[in-house]
Amino acid sequence: MTRWSTRFGMLLAATLAAWQPSKAQANPEDTQFWVVGFARGKLTDDLYLTVDTSYRWRDPEFGADQQTFRVSVEKALDDELRIGGGMSLFQTGSVSEYRPHQQFRYASGGLDLRTRFEQRWFDGADRVELRIRQRVQYTQPVAPRLEVFGSAEWFGIIQSRRDAGRRGTEQVRNIVGLSYQVNDRLDIAPSYMLQITPRPGSPDAISHVPQLTLNWRF
């Protein structure tokens, strides 16, 4: 009996020792919920306006809730190419971020490719952060008034807001969803986003983000 207890104790200790590192190395995960609204329309025959806003509920361990507001203007160069830019305000808890951006888009059929360059101004930062975003999106009709869509977007830091901050991949977002046309002006689109945030020297952080998006055309 004593020998069995000793072996059991040794086995338990070995199991705990093996489990602890795996627990420490497990990817930290959280679940968020975002509500997003877009208003889009033409200012002239070749000038487009997009206004978007969102509220993002987040796990306090991973960051405060976030509110966003962005305005973008694009000029059509032809039926498939647009260039433009705009400005956005992000409020995360007590931290404000002001974010001018410039972008280039190619859209043909269901394919939409976008390159966006952002200058991110943060309260108390050492300097402006420079970031580039590359997105690939595809939309496919599957039934009357119903479309399925998917996208992948890479975020890369060119210049960190901190003197000793890192550069390179900041995060990757993958989205899949459905869009339902309520009427000629309004679409509603539930979707799911998997967001992966690399952390130097630590496991990647993973966020599961159900989203509800409203798209209104004017």
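**Close-up views of a twelve-stranded predicted model**

**View 1. Strand β2 between two pairings.** Strand β2 (residues 33-44) pairs with β3 in the antiparallel sense over eleven bridges. Two strands count as paired if DSSP finds at least two bridges between them. Helices (H or I, at least four residues) and strands (E, at least two) are DSSP runs, numbered from the N terminus. V36 has S54 as its bridge partner in β3. Two residues lie between β2 and β3, which form a hairpin. β2 also pairs with strand β12 (residues 202-217), in the parallel sense, over seven bridges. There, A39 has W216 as its bridge partner in β12. The model is predicted: local features need pLDDT of at least 70, side-chain atom pairs count only at pLDDT 80 or more, and totals for chains, interfaces and linings use all residues. Residues are numbered from 1 along each chain as its sequence is written, and side-chain values use heavy atoms, with hydrogens and water left out.

**View 2. D52 in strand β3.** D52 sits in β3 (residues 47-57). This aspartate is buried, at a relative accessible area of 7%. Buried means under 20% relative accessible area, exposed over 50%, partly exposed in between (1.4 Å probe, protein chains only). Leaving aside neighbours within four places in sequence, D52 is in contact (heavy atoms within 4.5 Å) with G37, F38, T68, F69 and R70.

**View 3. R145 in the loop between β8 and β9.** R145 is found between β8 (129-143) and β9 (146-159). Phi of R145 is near 70°, a positive value in a residue other than glycine. R145 is partly exposed, at 42% relative accessibility.

**View 4. Residues 15-25, under 50 in pLDDT.** Over residues 15-25, pLDDT (the predictor's confidence in each residue, from 0 to 100) stays under 50. The model has two contacts beyond four places in sequence for residues 15-25. Where pLDDT is low, the predicted coordinates should not be read in detail. For the protein, the mean pLDDT is 90, and 88% of residues reach 70 or more.

**View 5. The whole protein.** One helix and twelve strands make up the elements. The helix comes at the N-terminal end of the order α-β-β-β-β-β-β-β-β-β-β-β-β. Of the 218 residues, 30% are buried. Among contacts between residues at least 6 apart in sequence, 44% join residues at least 24 apart. The accessible surface (Shrake-Rupley method, 1.4 Å probe; for residues, only the protein chains shown count as cover) comes to about 12,900 Å². Carbon and sulfur atoms account for 61% of this surface.
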